[in-house]
Amino acid sequence: LKRSLNQAIAKEKDLAPCREILDQLEAHDEAWPFLLPVNTKQFPTYKKIIRSPMDLSTIRKKLNDGIYKTRDDFCADLQLMFVNCVTFNEDDSPVGKAGHSMKTFFDSRWAELIAH
Ligand SMILES: Cn1cc(C(=O)NCCCNC(=O)c2ccc(F)cc2)ccc1=O
């Protein structure tokens, strides 16, 4: 029991900064393409091109439901979201530009978090 309690405490320590970064990503001016899953009725080719869709609301739910065991699991879903965006969108499109801006912001906050 004691070990599992310590593991629970260690997991909370690892994931707490993830909540903080996710708060900031959701509040970012250029978060609008990522707040909800891509609407596949609006973009019918999306599911054919993107095999593993990911968005901030899905990441928030997975974090709240305890799906992420480590902060790297969390980071992997964010990187998936950004790779999907580069795959589906031109770099100079509004969504493409928002994706690059959000990724730059995330990468800098993540480095601060890991590097303390
Ligand atoms: C990641 N990605 C997003 C889109 C995309 O067009 N996404 C929604 C645009 C319209 N949605 C909004 O503007 C909006 C959504 C939620 C919200 F709270 C406020 C505004 C297209 C391709 C792609 O790869």
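Helices, taken here as DSSP runs of H or I at least four residues long, and strands, taken as runs of E at least two residues long, are numbered from the N terminus. On this basis the predicted model contains 5 helices and 0 strands, and the order of its elements from the N terminus on is α-α-α-α-α. Along the principal axes, the C-alpha atoms of the protein occupy a box of roughly 50 × 25 × 20 Å.

Across the whole structure, a search for salt bridges returns 9. One of these pairs joins Arg60 to Glu26, with 2.7 Å between the closest N and O atoms. This pair connects distant parts of the chain, since Arg60 belongs to helix H3 (residues 56–64) and Glu26 to helix H1 (residues 2–27), the two residues being 34 residues apart.

The ligand is surrounded by Trp32, Pro33, Phe34, Leu35, Val38, Phe43, Tyr46, Phe88, Asn89 and Val95. When this shell is divided by residue class, 9 of its residues are nonpolar, 1 is polar and none is charged. For Asn89, a polar side-chain atom is placed 2.9 Å from an oxygen atom of the ligand. The ligand taken alone exposes 550 Å², of which 66% is buried by the protein.

Open space in the protein was examined next. The largest pocket has a volume of about 340 Å³, and among the 20 residues that line this pocket, Pro33, Val38, Phe43, Asn89 and Val95 are the closest to its centre. Each of these five names also appears in the list of residues around the ligand. With regard to secondary structure, H4 and H5 each contribute at least two residues to the lining of the largest pocket, and H4 gives the most, with 4 residues. By class, the lining of the largest pocket comprises 14 nonpolar residues, 5 polar residues and 1 charged residue.

Enclosed space was treated separately, with a cut-off of 30 Å³ or more, and by this rule the count is 1 cavity. The space in the largest cavity amounts to about 30 Å³, and its lining is made up of Phe82, Cys85, Val86, Gly99, His100 and Lys103. Helix H4 (71–88) and helix H5 (94–115) are the elements that give two or more residues to this lining. The residues of the cavity lining divide into 3 nonpolar, 2 polar and 1 charged. Helices H4 and H5 are thus named both for the lining of the largest cavity and for that of the largest pocket.

How values were computed. Residues numbered from 1 in each chain as written. Predicted model: local features only at pLDDT ≥ 70, side-chain atom pairs only at ≥ 80, totals over all residues. Heavy atoms only, no water. 1 Å grid on protein atoms, 1.4 Å probe; cavity = no way out; pocket = protein on both sides within 12 Å on 5 of 7 lines; lining within 4 Å. Points joined across faces, edges and corners; volume = space filled by probe spheres on them. Nonpolar A, V, L, I, M, F, W, Y, C, P; charged D, E, K, R; others polar. Near = heavy atom within 4 Å. Polar contact = N/O pair within 3.5 Å; in protein donor to acceptor, adjacent residues only side chain to side chain. Areas by Shrake-Rupley, 256 points an atom, 1.4 Å probe, with all protein chains shown as cover. Salt bridge = Lys/Arg side-chain N within 4 Å of Asp/Glu carboxyl O.
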